[in-house]
Amino acid sequence: MDEIRRREQEEEDRRVRSRSNMANKMKMTQETKALIPEEQRNMFSNGFSSKDTSVCILCGVPLVEGIPDDFETSTDMELKRKLVVHDKFMSPWQFTKNLTTADKDLSRKVFFGRCGHVYCGRCINNINRYAKQKGKSRPKKKKTDLDKVGVEHMDLNDPEYSAPNRCVAQDCKRLLTGNYFFRELYV
Ligand SMILES: [Zn+2]
Ligand SMILES: [Zn+2]
C-alpha cells in the first residue's frame with residue numbers, strides 16, 4: 001500500500017515539475033523577446049563616431065521611432081555632408097526620396113544581423129529587394145572618395161549606398177546574404 005502511494009506521489013511530483021519547467025521556458029522566451037540581448041546592445045555603437053547608439057547603422061533613423069509621418073526630403077547640404085562625412089551614415093534617411101507610407105512603417109521596425117549590427121526595417125527591405133533583383137551578378141563596387149566627389153552630388157538613393165551587400169559597420173563588412181541573416185527584434 002505504501003509503495004503504491006509513494007509511486008503516485010512521485011508521478012504527481014514529476015507532472016508538477018514538468019508543468020513548471022514549461023511555464024518557466026515560456027516566460028523566458030517572452031522575456032528574451034522583449035529585451036535586446038546584452039551583446040547586441042553593445043554592438044549598436046560599433047565603429048561609429050556618432051555616440052548615438054540607438055539608430056539604424058545604415059540610414060541613421062532613430063530605432064523604433066522611425067521616420068516621421070510628415071517627413072519631407074531634406075535639401076540641407078550642410079546636413080548631408082555632416083551625416084555622410086562626419087557621422088559616416090552611407091544613406092541618411094533625411095535624404096531619401098519617394099518614401100511611401102509602407103516605407104515609413106518599415107522604418108519603425110528593428111532588425112539585427114547575425115553579425116550583431118542593427119538596421120531599421122526599411123533598410124533591410126531595400127537590401128533584400130536589391131539582392132533579389134541583382135541575383136549574383138552585382139557590379140563591382142566603385143570606391144567613392146568623399147574628398148574628391150562632392151557629397152552634394154551623390155545620389156544616396158542609389159542602391160550602391162542604400163542597399164549595400166555587406167554590413168556597413170566598420171570592421172564588419174560581412175556579406176548580407178541568406179534568408180536568415182537578419183532577424184526582427186520585437187521591441
Ligand atoms: Zn535604416
Ligand atoms: Zn555587421
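**A walk through the fold, starting at Cys120**

Let's begin with Cys120: setting aside neighbours within four places in sequence, its contacts (C-beta atoms, placed from the backbone, within 7 Å) are Cys56, Cys59, Val61, Leu63, Gly66, Ser107, Lys109 and Val110. This is a predicted model, where local features need pLDDT of at least 70 and side-chain atom pairs count only at pLDDT 80 or more, while totals for chains, interfaces and linings use all residues. Residues are numbered from 1 along each chain as its sequence is written, and chains are lettered from A and ligands numbered from 1 in the order in which they are written.

Cys120 also turns up in the largest nonpolar core, a set of buried Ala, Val, Leu, Ile, Met, Phe, Trp, Tyr and Cys residues joined through C-beta atoms within 7 Å. Buried means 20 or more other C-beta atoms within 10 Å of a residue's own; 12 or fewer is exposed, and anything in between is partly exposed. That core has 28 residues, and the ones touching the most other members are Cys56, Cys59, Tyr119, Cys120 and Cys123. At least two residues each come from α3, β1 (110-113), β2 (118-120) and α5 (121-134), with α5 giving the largest share, four residues.

Now step back to the protein chain, which has six helices and three strands (DSSP runs numbered from the N terminus: H or I of at least four residues, E of at least two). From the N terminus, the order is α-α-α-α-β-β-α-α-β. Of its 187 residues, 26% are buried.

Finally, find Lys82 in helix α3 (residues 77-86). Lys82 is partly exposed because 14 other C-beta atoms lie within 10 Å.

Key
Two residues are in contact if their C-beta atoms, placed from the backbone, lie within 7 Å.
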